[in-house]
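Colleague: I am new to this model and would like a close look at a single part of it. Please take one buried spot, then show me how the rest fits around the topic.

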Amino acid sequence: MSKIIFNKNPKTIYDCHFSQIGEHQIKLIFKTKIPKSSIYLSGCKIINEWNHALIQTDRSNYTYLYRTYEEAPNTIELCDNNIPYEQADMDITMKEHPLTLDEIKKRKIAQMSLTCNEEITRGVSIHINDTLEHFSYRDEDQTNIKEIFDLAIQTNIPMYYHSNNQGCKLYNVEQILLLYTTAAMNKLHHTTYFNQMKMYIESLHDPEIINSISYGDQLPDQYSSTYSHAMTQARESMETLLENRKIHLTIGER
């Protein structure tokens, strides 16, 4: 759940699920009734859960209504280009004008990008004292987790944080390191996989093959090799960071 304010009424903080659903569109699912259109069409900002003065995501230019849902009255989609959603017109256009190879590639890549972002923001589950806890990894979560990771590395003291739908509690340094490294590596996995899959799609010339691709499919050898090398380098860098911390602590204890 994100904390959001609108430019026309910055003193009121709303709880809602925020997601970037396209290059020019965002979705807001409010926990309570949505504000008036004069407010939600004034642009918005996602603020830090613990420090409301900290702006984590600025969408002030999303001042146009993209889409609403009759079956979900607490959900709205906004855009920054004043082009509303028109499914019927889109279907007619596609029937009258078949997609070109380049358009098919762009559509598939856009689908892949959206799934990649969903997988990252879904987050990770780790065991804390024999209990499996889940931590989402949206933009604000990434900022928060990186902040407590940096503090834990620098001070070597426990920090307060919270898993999904749970209250704050004290996590020891090793638990914080585990959370950060697991979430960061998961993000790197998806971004690297998407990057290589994008390059693969761009190299294809058969629309049927492109349309048959799904997120999570095995990468061809050429792209799989690059992915594996990138992940190996990332793991080694993370291990070096943690090893340097241990050396620093050892020296400090002397």
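Modeller: Start with a cut-off. A residue counts as buried when its relative accessible area is under 20%. E77 has a relative accessible area of 2%, so E77 is buried. Keep in mind that this is a predicted model.

Where is E77? Look in strand β7, which covers residues 75–79. The side chain of E77 has a polar partner: a contact of 2.4 Å joins it to the side chain of Y69. Y69 is also among the residues that E77 touches, leaving aside those up to four places away in sequence. The others are I21, I26, K27, Y64, L65, Y66 and R67.

Now a second buried residue, N144. It belongs to helix α4, residues 139–155. Its relative accessibility is 3%, so N144 counts as buried too. Setting aside residues up to four places away in sequence, N144 touches N48, W50, Q56 and Y161.

Follow one of those contacts to W50. This residue is found in the loop between β4 and β5, where β5 is residues 55–59. Along the chain, W50 and N144 are 94 residues apart. Their C-alpha atoms are separated by 8.9 Å. With residues up to four places away again left out, W50 touches N144, H162 and C168.

The loop with W50 follows on from β4, so to speak of its surroundings we turn to that strand. Strand β4 is residues 44–47, and it pairs with β1 in the antiparallel sense over four bridges. One matched pair is I4 with its bridge partner I46 in β4.

Strand β1 itself is residues 2–6, and it is mostly covered. Four of its five residues are buried. β1 has a further partner, strand β2, residues 9–20. These two also pair in the antiparallel sense, over four bridges. Here S2 has C16 in β2 as its bridge partner. β1 and β2 form a hairpin, with two residues between them.

Another hairpin is made by β8 and β9, and it has two residues between the strands. N129 takes a positive phi there, near 55°. Strand β8 is residues 124–128, and β9 is residues 131–135. They run antiparallel and are joined by five bridges. In this pairing, I126 stands opposite E133 in β9.

Step back to the whole protein. There are seven helices and 11 strands. The C-alpha trace spans about 75 × 55 × 30 Å along its principal axes. Of the 254 residues, 36% are buried; E77 and N144 have that label. Take the contacts between residues at least 6 apart in sequence: 55% of them join residues at least 24 apart.

The surface comes next. The protein exposes about 15000 Å². Carbon and sulfur atoms supply 52% of that area.

Last, the charges. There are 25 positive and 33 negative side chains. The centres of the two sets lie 6 Å apart.

To return to your single part: E77 sits in β7, is buried at 2%, and shares a polar contact with Y69.

Terms used: Residues are numbered from 1 along each chain as its sequence is written. This is a predicted model: local features need pLDDT of at least 70, side-chain atom pairs count only at pLDDT 80 or more; totals for chains, interfaces and linings use all residues. Side-chain values use heavy atoms; hydrogens and water are left out. Buried means under 20% relative accessible area, exposed over 50%, partly exposed in between (1.4 Å probe, protein chains only). A polar contact is a pair of N or O atoms within 3.5 Å; within protein, one must be able to donate a hydrogen and the other to accept it, and residues adjacent in sequence count only if both atoms are side-chain atoms. Contact means heavy atoms within 4.5 Å. Accessible areas come from the Shrake-Rupley method with a 1.4 Å probe; for residues, only the protein chains shown count as cover. Lys and Arg count as positive and Asp and Glu as negative; His and the chain ends are not counted. The place of a charge is taken as NZ of Lys, CZ of Arg, CG of Asp or CD of Glu. Two strands pair if DSSP finds at least two bridges between them.
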